[in-house]
Amino acid sequence: QVQLVESGGGLVQAGGSLRLSCTTSGRTFALNPMAWFRQAPGKEREFTVGTHWSGGSTYYANVVKGRFTISRDNAKNTVYLQMDSLKPEDTAVYYCAVAVGLWNSGNYYYPRTYDYWGQGTQVTVSS
């Protein structure tokens with residue numbers, strides 16, 4: 001059974017940093033595109049960063065570019081989201097997701113592109 005488990009969320013002051021982790025199990029996603037989305041109360045789930053490990057393409061939403069970085073540790077089956085210079089508007093539940101189908105510059109930002117999702121981890125940034 002495929003599982004994605006996020007961790008690392010919490011409460012941080014504006015300007016601070018957090019590192020989220022997403023550990024996968026049940027199958028190997030070493031070559032699959034992965035992404036981090038977030039969803040704030042009353043808002044739609046939105047894309048923040050995604051990457052295709054084998055192709056080398058990485059996309060960042062403009063609102064997080066220069067502040068968020070995605071990376072991975074294959075030995076641990078874990079993907080990380082380093083979040084720096086956090087702002088109150090970054091407050092949301094953050095989800096990792098994996099795609100097993102078509103993933104490209106035209107669809108990476110749609111939640112429907114992704115097939116597996118974690119349960120989410122809450123990030124709260126205080127002002």
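This is a short talk on one four-stranded sheet, on a residue within it, and on two loop residues. A caution first: what we are looking at is a predicted model.

Let me start with the sheet. Its four strands come in the order β1-β3-β8-β7, the sheet is open, and the pairing is antiparallel. The edge positions belong to β1 and β7; each has a single partner strand, so one side of each has no neighbour in the sheet. If you ignore direction, neighbouring strands here are turned by 20° against each other on average.

Now the pairings, beginning at the β1 edge. Strand β1 covers residues 3-7 and strand β3 covers residues 18-25; the two run antiparallel and are joined by five bridges. To find the register on screen, take Q3, which has S25 of β3 opposite it. Then go to S7, where the residue opposite in β3 is S21.

Next, β3 against β8. Strand β8 spans residues 78-83, and its antiparallel pairing with β3 runs over six bridges. Here the marker is L18, whose bridge partner in β8 is M83.

While we are in β8, look at Y80, which sits in that strand. Is Y80 buried or exposed? Its relative accessibility is 11%, and because the cut-off for buried is under 20%, Y80 counts as buried. What is Y80 in contact with, once neighbours within four places in sequence are set aside? The list is R19, L20, S21, W36, T69, I70, S71, R72 and D73. S21 in that list is the residue we just met opposite S7. For a distance to check, take Y80 and L11: they are 69 residues apart in sequence, and their C-alpha atoms are 18 Å apart in space.

That leaves the loops on either side of β8. The loop between β7, residues 68-73, and β8 contains N77. Phi of N77 is near 50°, which is positive, and the residue is not a glycine. N77 has 39% relative accessibility and therefore counts as partly exposed.

After β8 comes the loop that leads to β9, residues 92-98, and S85 is in that loop. Phi of S85 is likewise positive, near 50°, again in a residue other than glycine. With a relative accessibility of 41%, S85 counts as partly exposed.

To recap: β8 pairs with β3 over six bridges, Y80 in β8 counts as buried, and the loop residues N77 and S85 count as partly exposed. That is what I have.

Conventions. Residues are numbered from 1 along each chain as its sequence is written. This is a predicted model: local features need pLDDT of at least 70, side-chain atom pairs count only at pLDDT 80 or more; totals for chains, interfaces and linings use all residues. Side-chain values use heavy atoms; hydrogens and water are left out. Two strands pair if DSSP finds at least two bridges between them. Buried means under 20% relative accessible area, exposed over 50%, partly exposed in between (1.4 Å probe, protein chains only). Contact means heavy atoms within 4.5 Å. Axes are lines fitted to C-alpha atoms, for helices over the stretch in contact, and angles run from 0 to 180 degrees between N-to-C directions.
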